[in-house]
Amino acid sequence: MVTISDNEAVAVEFVATASVLTEATAGHDVLLQLVGAAGVTLAPGISVSADVIDGVGSAAVGSDYQGFGTQTAIFGPGSVAGTTQIVTIAVLDDETVEPTETVSLLLDVVNGSVAVVGGQNTHTASILDDDTLTVEFNQATSGDSEADSSNLPILMVSGDVQAGH
């Protein structure tokens with residue numbers, strides 16, 4: 001008896017390891033791709049699914065982005081090497097002045113008899129803050145002497161600053 005098996009294999013991986021976006025970006029798309037030899041096509045009845053989880057990063061779920069736990073991307077029959085699918089990070093805009101924060105994504109599981117997790121299995125999205133802090137005096141000049149400090153200018157700060165920054 002002779003067993004003939006298909007030796008074509010594919011992997012799923014992130015197109016890029018990192019991306020940068022601003023806090024005002026409502027939805028940030030991150031691409032996954034099907035990787036294989038040129039011309040490799042998923043046969044009829046064969047599909048590949050890939051689970052992406054949002055992992056540990058400095059951005060806070062619920063205030064900086066909407067956590068999603070797991071998003072599944074599906075490459076259906078007929079998909080060729082190079083086909084892309086999207087997972088989306090829903091960014092939450094706030095009014096807090098804060099440093100750049102990150103969301104880490106991990107390609108966790110690939111399901112399909114012909115597929116594996118590719119080498120580029122993590123992606124870090126950096127969220128740049130778009131808020132400003134205003135510092136100004138309450139008056140342009142002051143005429144008080146050192147002995148009478150009732151009319152000294154007051155330094156005023158407006159804006160919400162993240163604790164510790």
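Hi everyone, let's start in the middle of this one. The largest nonpolar core holds 27 residues, and the ones with the most contacts inside it are Val-12, Leu-32, Val-48, Ile-89, Val-103, Leu-105 and Leu-107. Who supplies them? Two or more core residues come from each of β1 (10-14), β3 (27-35), β4 (48-54), β6 (70-75), β7 (84-91), β9 (101-111) and β11. The top contributor is β9, with four residues. As background, nonpolar side chains in soluble globular proteins tend to be buried together.

Before I go on, please keep in mind that this is a predicted model.

Let me pick one core residue and look around it. Which residues does Ile-89 touch, once those up to four places away in sequence are set aside? The list is Ala-26, Gly-27, His-28, Val-30, Tyr-65, Val-103, Leu-105 and Ala-125. Two of those, Val-103 and Leu-105, are also on the list of core residues with the most contacts.

Now let's step back to the whole chain. There are zero helices and 14 strands, so to speak a β after β after β when you read along the sequence. Of the 165 residues, 29% are buried. If you take the contacts with a separation of 6 or more, 71% of them link residues 24 or more positions apart. For the surface people here, the accessible area is about 9400 Å², with 54% of that belonging to carbon and sulfur atoms.

On to the sheets. One open sheet has five strands in the order β5-β7-β3-β1-β10, with mixed pairing. Its edges are β5 (65-66) and β10 (115-117); each has a single partner strand, so one side of each has no neighbour in the sheet. Inside this sheet, β1 and β3 pair antiparallel over four bridges. If you want a landmark there, find Phe-14, whose bridge partner in β3 is Leu-32. You have met Leu-32 already, among the core residues with the most contacts.

There is another open sheet of five strands, ordered β2-β11-β9-β4-β6, and its pairing is mixed too. Which strands form the edges here? They are β2 and β6, each pairing on one side only. Ignoring direction, neighbouring strands in this sheet are turned against each other by 25 degrees on average.

Let's walk through part of that sheet. Strands β9 and β11 run antiparallel and are joined by six bridges, and Leu-106 sits opposite Thr-122 of β11. On the β2 side, β11 (residues 122-128) runs parallel to β2 and is joined to it by five bridges. There you can find Ala-18 opposite Thr-124.

Strand β2 itself, residues 18-22, has a nice alternation. Which of its side chains are buried, and which are not? Ser-19 and Leu-21 point to one face and are buried, whereas Ala-18, Val-20 and Thr-22 point to the other face and are not.

One last stop, in a loop. Pro-99 lies between β8 (96-97) and β9. Why does Pro-99 count as partly exposed? Its relative accessibility is 35%, and the partly exposed class runs from 20% to 50%. Pro-99 is also 30 residues from Asp-129 in sequence, yet the C-alpha to C-alpha distance between them is 6.5 Å.

That's my tour, thanks for listening!

How values were computed
Residues are numbered from 1 along each chain as its sequence is written. This is a predicted model: local features need pLDDT of at least 70, side-chain atom pairs count only at pLDDT 80 or more; totals for chains, interfaces and linings use all residues. Side-chain values use heavy atoms; hydrogens and water are left out. Buried means under 20% relative accessible area, exposed over 50%, partly exposed in between (1.4 Å probe, protein chains only). Two strands pair if DSSP finds at least two bridges between them. A nonpolar core is a set of buried Ala, Val, Leu, Ile, Met, Phe, Trp, Tyr and Cys residues joined through side-chain atoms within 4.5 Å. Contact means heavy atoms within 4.5 Å. Axes are lines fitted to C-alpha atoms, for helices over the stretch in contact, and angles run from 0 to 180 degrees between N-to-C directions. Accessible areas come from the Shrake-Rupley method with a 1.4 Å probe; for residues, only the protein chains shown count as cover.
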